[in-house]
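Q: Can you walk me through this model, starting with how it is set up?

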Amino acid sequence: MYVNDYLDTINKWKHCPMANYVCPVARYTKLETNTPRGLAFIYSLIVDNLKDIDEVTIERIYQCNLCRACEAISRDDSSIPEFILAARRDIVEMKMAPEPVIRLKDDICNNNKLCDMDRVKDLASNSKSTPETVVVLNYESESSKKIFSIIKKLLAENNIDCAEINIGKYPAPAAMLRELGYQDLSSKVLNNLTYIIKNVKFRKMVFITPYDLELLLKSQTVDIDNMSQGLVHAFEFLEEFINEKVKRIDKKKEKIIYIDSEGNRKSDKFYEIPRKLLIDVAGFDIKEMVWNKKESFSCGGLTLQYLYCDIFDGIIKIISNELKDYNIKKVVTPCPHCIENLCTNPDLKDNYEIIDLWEALFTINKPGG
Amino acid sequence: MHEFFIERVKNELIRIVGENNLYISDFDKSAYSVDVWSVSRKWVDKGLIKELPDFVVLPENVQQISKIIKLANIYSIPVITRGGGAGGLGGGIPFFGGIVIDIKKLDKIISLDEKSLNIKVQTGIMQIDLEKYLNSRGYTLNHLPASIYCSTLGGFLSTRGSGVLSSKYGKIEDMVLSLEVVLPTGEIINTLPVPRHSAGPGIEHFFIGAEGTLGVIVSAVLKIFYLPEVRYFDAYIFDDLHLALEASREVMINGLEPSVLRVYDEGDTRDVVKKELGIDVNNGSYVVIGFDGFKSIASAQRNMAIKIFKKYKARDLGEKLGNQWWENRYDPYYPPHTLESKRDLYGVIDTITTHDNIEKLYLSMKKELEEKFSDWNIIFTAHFSHWYTWGASVYPRFIVRKPPENPYEFFRLNNAIWDAAVRVILENNGILSEHHGIGFHLSPYMREQYKEAFLVLEKLKKGLDPKNIMNPAVLGFEL
Ligand SMILES: Cc1cc2nc3c(=O)[nH]c(=O)nc-3n(C[C@H](O)[C@H](O)[C@H](O)COP(=O)(O)OP(=O)(O)OC[C@H]3O[C@@H](n4cnc5c(N)ncnc54)[C@H](O)[C@@H]3O)c2cc1C
Ligand code: SF4
């Protein structure tokens, strides 16, 4: 059992309620077995052979949003989400994955080019990029399309060649498959991604969402060492671009609300970049959401909306309720996937302008110099 | 309960709260069969969970709670109210099955009165959410317990909880203006809108500290404060505990209103302060003292306190260490620091008494436990963290690093240690608990504590809860 590697984590947390409050799922359902303590507790009954795993436990394990908020406030390196991932791997191997999980896995595999080597080879061979091109790894969505068009325009203004590789329907297939417990499929996607990295020419490869990049850089099995310098997350690239090419951005003392992205984790080295850009560079007056920073709340995550949409909707509704308090209509979050998640709520979609960093900096504030 | 009967109650509960708010799977119920009482946790570790509730419900409004309780009365089913499940004395364990009402969906802020500075709020709210809501508007409740992150307002009201600023702002009961309560027979009542009056006894006090035995507290009006202009924290070390206690008493009786006053005994000074807060001090008694409010007033109070401390030859360790305590104060409650995660047998026997008894009580308990349980290499330390003009609380902690593996022996040893400690408390005019409540564990001592006066509580219980369904087995009430 993969979960056996996490017995220490389970033992540490199964009696400790101090992480319960950050858990977006538990904040919505209020149910003890959705909390980090509750999850560790019920799973301890299974690993200690006191109870047999059943449908309800599996449901609770898949209801975790893997947002890593509980990990971020942990005082040591014990990680509830890593234990959940291991438990899901076991569940998949035991062939006990719930129906919606299997359906989503199939949909990702069918609708994402990175899942299939033939399509990956096509993507690579169709690329017209040169060693000077900035290649943007994008997926099919309104918000990511918008961001790409801004990037493209800005790069063109600076005579930098730019190309897009569109991977398909989902933003981060490797991370999503891993979340579902299909580690082998996830590794396969990473290998296919490596094929693209090795066979496409680029100066920089920009990942529009951070999830798969993060996995790739941490992966023990794929070898991209000598190319990893050129792989960047979208707002790392944005920071670099501003430092190198944009001499001045008009300061605008406008009030905006800033929502931490779930993909932008507190432990990441680029966690503070969006704030730096919004405040120092663009001069925005930002109002932080209550759960931002150390105790970041979740935008709804990668897979939860397909598995337990009631919980997903509930989480977004909590965000929407908080926003009502502030009387500010412009919301910035540094990830297109978060924008899509937030816009599933009609109230948010209709009453707020929810935009990404690129839009905040370059459509509201035109680049100067 | 017979299966047919379970099915009948289940259907009626579904009619009240809806299918989505009722949980009956074994796993869900198991997680509601324990709180953080170390014995209950040891019990489940060993596979001995026996006391499962029959139903877990998460009502969405007060009317639903009222209907659930009326239903429970019809069938004489126990009702256990559950907040964050962080109570430390087994008060929320469904020993006799029944219905666990998890109250956390009642978490709404009802109104904020910025003129009279009070807030009306439902009691299922997590304390941290309430505090963050207030902070974002420039206010605070000034109730900052270590479990702010895992307990509900209702839990604190039901156990008369204390936060780290209690020496200035009081305990949770001092913050209550009025309460809304669902009685054990299902009626919904409100206490008078303000607590200071002469229209009879304040009946809100029947419910504060009642640990769910006299009803479910569903909302409360609480006083709030402006966030302070300044917060000062200073650290000192005294040559010994006696000097530290005397100096602290003098600060209190002179009305200097420190927001924080924490006196650590020699053991805590060495162990807790050094290991857990990463602060390097060797011996003596470590003290953190804090003042807050307007700068001019807080500075004046601080200067007066410094004078008193100097008189007792306190060494100033500086603001940095004081601030470090404030910044890191929650760290000891997270793994890997928690005693639970180390599998120790431990207990915190918080008690309170008047200044004239405090040192005697502490020394007697230390002597009694260290001598009686020397075979178990018991470690006994304490700090004194909630101060009043008339007395202070002692927060003793015992640890047995190698407790018996057998859960029954573990339970017996735990009981023997507590029993010895409780005897010392009762002999020295102490109270069984300052802020953790009584729960199941201390329940047998309540009659001894109250003597004849327990009759008042008993009559209250019988009158309000004739079927004895609300949280049976806690607070000393008969079954
Ligand atoms: C790490 C840690 C640190 C702690 N630090 C402190 C501290 O600094 N100060 C302090 O005071 N306590 C502290 N405690 C103890 C604990 O937080 C308190 O006892 C708290 O009151 C429990 O609240 P809860 O919401 O977790 O309640 P629960 O454990 O769910 O319930 C406690 C009792 O209250 C009853 N109850 C709960 N809600 C209601 C309601 N609405 N109406 C009627 N009855 C109700 C329950 O039936 C039960 O008897 C700490 C606990 C932990 C685990
Ligand atoms: S990873 Fe997120 S959703 Fe999962 S238990 Fe931790 S806080 Fe909850």
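A: Here are the conventions, followed by the domains, the chain interface and the ligands.
A: This is a predicted model, in which local features need pLDDT of at least 70 and side-chain atom pairs count only at pLDDT 80 or more, while totals for chains, interfaces and linings use all residues. Residues are numbered from 1 along each chain as its sequence is written, chains are lettered from A and ligands numbered from 1 in the order in which they are written, and side-chain values use heavy atoms, with hydrogens and water left out.

Q: OK. Into which domains is chain A divided?
A: Domain 1 (2-97), domain 2 (107-241) and domain 3 (248-368). The bounds come from an automatic or database domain assignment.

Q: How far apart are the C-alpha centres of domain 1 and domain 3 of chain A?
A: Those centres lie 27 Å apart. The contact (heavy atoms within 4.5 Å) takes 17 residues from domain 1 of chain A and 19 residues from domain 3 of chain A.

Q: And what area do domain 1 and domain 3 of chain A bury between them?
A: About 1600 Å², 65% of it on carbon and sulfur atoms. Buried area is the accessible area (1.4 Å probe) that two parts lose on being put together, summed over both. On the domain 1 side, A:Arg27, A:Tyr28 and A:Asn65 supply 33% of the area buried against domain 3 of chain A, more than any other three residues.

Q: How many salt bridges are found across that interface of domain 1 and domain 3 of chain A?
A: The rule, a side-chain nitrogen of Lys or Arg within 4 Å of a carboxyl oxygen of Asp or Glu, finds 0 salt bridges between domain 1 and domain 3 of chain A.

Q: Which helix gives the most to the side of domain 1 of chain A that touches domain 3?
A: H2(A), with 5 residues. Helices here are DSSP runs (H or I, at least four residues), numbered from the N terminus.

Q: Switching to the chains. How many residues of chain A are in contact with chain B?
A: 36 residues of chain A are in contact with 42 residues of chain B. The area buried between the two chains is about 3500 Å², and carbon and sulfur atoms give 60% of it. In chain A, A:Met18, A:Lys30 and A:Arg75 lose the most area to chain B, together 22% of what that side buries.

Q: What is the salt bridge count there?
A: 8 salt bridges between chain A and chain B. One pair is A:Asp325 and B:Arg137, whose side chains meet at 2.6 Å, N to O.

Q: Which element has the largest share of the side of chain A that touches chain B?
A: H3(A), with 5 residues.

Q: Now the ligands. How many residues surround ligand 1?
A: 33 residues, each with a heavy atom within 4 Å of the ligand. The closest are B:Thr81, B:Gly83, B:Gly87, B:Ser147 and B:Thr152. A side-chain N or O atom of B:Ser147 is 2.6 Å from an oxygen atom of ligand 1. A backbone N or O atom of B:Ala146 lies 2.9 Å from an oxygen atom of ligand 1, and a backbone N or O atom of B:Gly212 lies 3.3 Å from a nitrogen atom of the ligand.

Q: Which residues surround ligand 2?
A: Among them are A:Cys23, A:Cys64, A:Cys67 and A:Cys70, along with A:Asn65 and A:Arg68. H2 and H3 of chain A each supply at least two residues of this shell.

Key:
A polar contact is a pair of N or O atoms within 3.5 Å; within protein, one must be able to donate a hydrogen and the other to accept it, and residues adjacent in sequence count only if both atoms are side-chain atoms.
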